[in-house]
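Please open the model in your viewer and keep the selection tool at hand. The tour below moves from one stop to the next and says what to look for at each.

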Amino acid sequence: MSPEIAGVLQLLALIAALGLAYRPLGDHMARVYSADRHLRAERWIYRAVGVDPNAEMRWPAYLRGVLAFSAVGVLFLYLLQRLQGSLPGSLGFASIDPDQAFNTAASFVANTNWQSYYGEQAMGHVVQTGGLAVQNFVSAAVGMAVAVALVRGFARTPAGELGNFWADLVRGVVRILVPMAVLGALVLVACGAVQNFAGIHEVGQFMGGTQQWNGGAVASQEVIKELGTNGGGYFNANSAHPFENPSPFSNLFEVFLILVIPFSLTRTFGRMVGSLKQGYAILGTMAVIWIGFTALMMWTEFAGRGPAFEAAGGAMEGKETRFGIGGSALFSVATTLTSTGAVNSFHSSFTGFGGGIQLLGMQLGEIAPGGVGSGLYGMLIMAIVAVFIAGLMVGRTPEYLGKKIGTREIKFAACYILVTPALVLGFTAAAMALDTPADSMTNSGAHGFSEILYAYTSGANNNGSAFAGLNADTQWFNSTIGIAMLLGRFLPMVFVLALAGSLAEQNPVPATAGTLRTEKPLFTGLLAGTLLIVTGLTYFPALALGPLAEGLAA
Amino acid sequence: MNNSVGNTARLLGAGLRALLVLTALCGVLYPLAVTGVAQTLFHDKANGSEITDSTGRVVGSRLIGQRYDLPLKEGQETPDPDLRWFQPRPSNGLGENSANTQYDLILSGATNRAGDNAELLQWVKEAKAAVVKDNSTADFKVNPSDVPADAVTSSGSGLDPHISPRYAELQVHRIADRNHLDVRQVRKLVDAHTEGRTLGFLGEPRVNVLQLNVALAELAAKSR
């Protein structure tokens, strides 16, 4: 069997597995966020936190909950790293410098998991397991909570209340993420991922002497890193490291974990707004983009254009033998079309066009299927823009799911769309204009520019993968990427929740013959087109200077 | 004003308590429970899949690639490969720890060089020339176009434990020559250590270099 056919079969197997999980998981999540009853463990948590899980919140209160919880998270993670040198269970590792500690704290709370540190030599057990892995759970649960709040904005009439943030947060962790993570972690250990607290120990070598390994709770962190679309590796090599991703099966399983919640949330959405077909229309758009990008990526990587790859006889630089080009292409598209950013192969060594596909995937706003929660709300914002454009074409006030999209709503949607491009292009321009940031580049020319464009694209979109030739552990990059990650995560959430509040206050408009049928394939096409046009217009000039120039020269 | 400061403080207090409770759940209970089950059910795998040679000495992990080099000679920066053993892929992106230097950790990593990077092109050309030279024996000449891509490129982790079956096959004549073995014997050894795609379509066919070299050491000792 040729590697190309094996790659396609892996894609088909993945589609089948996601299809099997779609209904049960999507329905389960809808029940979790709609249930009236609390589990006993949850009631205990609410008592400890001192909140009433049944108190309905309007959007400002919901937003304050999100921001307060996240602010505390940044501060806690910052202090944990700054105090690492004095904490027991830290392998004697030194405390992290202030700029890097800020960057890492912002990164993990913002569900980005950009890493300017080397995991195995910098972060001890306490920071990895008690700090970073915890944010992998809760930052994902925050994303899902905000998405559910927006869905309630569409579903509820006329209420103005969006649910209770604390209840949504806790339920996301207790009823969705933890159970799935326990099962997934054991699957990964069965494949060979390590899970111990052995610390640093010596192991014999074939040629004599010993090598030093850093053990740790790797499998338990790996699984939530994928499931929560986080992406921060225990080791520097991330999911290319054999202890994180030991076999071809674990590789496909990790890609499945990345995609399963974001795709299934469209079912949850359909259930909660009372029309599964509306969910399928959104799912269709996500799936078309994902499959299209994967096909393009396989094509360019198997073609392997570029002087060094042609001399080598294939684009295997930065890729592992056990995954091959097919398994690497599959992972790399899944990680950049979601907000994951884990890598099983090094993006900087993909072909010029391959790097362009990764960049464009993030620049679409990570909506196909996107991060847990953030993918769904990002796509729903684009759906609002799409019905607005359709409304302009026929001269009719646009509406979506029975809610009018008026001036107020479209303003919030427009603000949402403008945040990340402003951060990406502004910071990239600043870094290119200043003298010193360019010193961090490993590659020169078009690819060097791509390294910096990639860094801010990844940060502001909360992805976290990198063209890792860029030495990002400088005060400039630690600070500016840290700011881009925080603003790129929380400003859009402000607009999403404001929009949700505004929608929730409305009375539903009855559907008439003139209503745009948003559950039909026509709308799926309109939505995909809107996405590609809006993103293309925004980023084409920057992409032309980087990956397109590199790809066309090869 | 005071009221809003008080509200903010109350909210932050709730946030902190929520974080601490969820840290106890996700950062303590969860990893301990997973570790407990993993250590019970999959003891070897959870501790790094170590393997031993025929004498029972631990020689490394099935999952972590190693170098098979001669001792560093004086004035040399990089050691020469020990051509008695099957050679792994290059690992130009691998590093040593730069922080917490009381340890001597392996720092996993890739070269991150682009396809048009001059240095990468140079590395690939040099590696290819070396593979051709090292593996050509008196009665077997390596054709440069037969060298597979994995033989001349560094992996993502720098710790790739595998090579492609083609690269293993390419080394068979050299290995037989250096260990005074029959080519057919060595080829049989490689075939026995070649893993196909999982379920026929997952990943790529591959050969585990450490396991192959352990078996080779046994074979060489037996026929001596």
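Begin by selecting Val131(B), which is buried because 23 other C-beta atoms lie within 10 Å; a residue counts as buried when 20 or more other C-beta atoms are within 10 Å of its own, as exposed when 12 or fewer are, and as partly exposed in between, with C-beta atoms placed from the backbone. This is a predicted model, in which local features need pLDDT of at least 70 and side-chain atom pairs count only at pLDDT 80 or more, while totals for chains, interfaces and linings use all residues. Residues are numbered from 1 along each chain as its sequence is written, and chains are lettered from A and ligands numbered from 1 in the order in which they are written.

Val131(B) is found in helix H3 of chain B, residues 118–135, where helices (H or I, at least four residues) and strands (E, at least two) are DSSP runs numbered from the N terminus. Leaving aside neighbours within four places in sequence, Val131(B) is in contact with Val147(B), Ala151(B) and Val152(B), a contact being two C-beta atoms, placed from the backbone, within 7 Å. Add Tyr167(B) to the selection: its C-alpha atom is separated by 9.5 Å from that of Val131(B), although the two residues are 36 apart along the chain.

Now show the whole of chain B, which has six helices and seven strands. Its C-alpha atoms fill a box of roughly 90 × 45 × 45 Å along the principal axes. The radius of gyration of chain B is 24 Å, whereas a compact globule of 224 residues would have one near 17 Å; the value is taken over C-alpha atoms, and the globule rule is 2.2 Å times the number of residues to the power 0.38. Of the 224 residues of chain B, 43% count as buried.

Next, select strands S5, S6 and S7 of chain B, which form an open sheet in the order S5-S7-S6 with antiparallel pairing. The edge strands, each pairing on one side only, are S5 (162–163) and S6 (194–195). S6(B) pairs with S7(B), residues 206–208, over two bridges, and two bridges is the least that DSSP must find for strands to count as paired. Within this pair, Glu195(B) stands opposite Arg206(B).

Where do the two chains meet? Colour the 88 residues of chain B that are in contact with 106 residues of chain A. The largest share of this side of chain B, 22 residues, comes from H1(B).

Turn to chain A and select helix H13, whose twelve residues (352–363) should span 16 Å at 1.5 Å a residue, in agreement with the 16 Å between its end C-alpha atoms; the expected span is 1.5 Å times one less than the number of residues. Twelve of the twelve residues of H13(A) are buried, so this helix is largely enclosed by the rest of the structure. Helices H10 (276–303), H12 (324–337), H16 (445–460) and H18 (521–553) of chain A are included in what covers those buried residues. Just after H13(A) comes Gly365(A), whose phi is positive, near 100°.

Finally, select residues 61–80 and then 376–394 of chain A, which are among the spans annotated "transmembrane region" in an unreviewed UniProt entry. Residues 61–80 are 100% helix, with end C-alpha atoms 28 Å apart. Residues 376–394 are also 100% helix, and their end C-alpha atoms lie 27 Å apart. The UniProt positions follow the numbering used here, feature names are shortened, and annotations may be inferred rather than shown by experiment.
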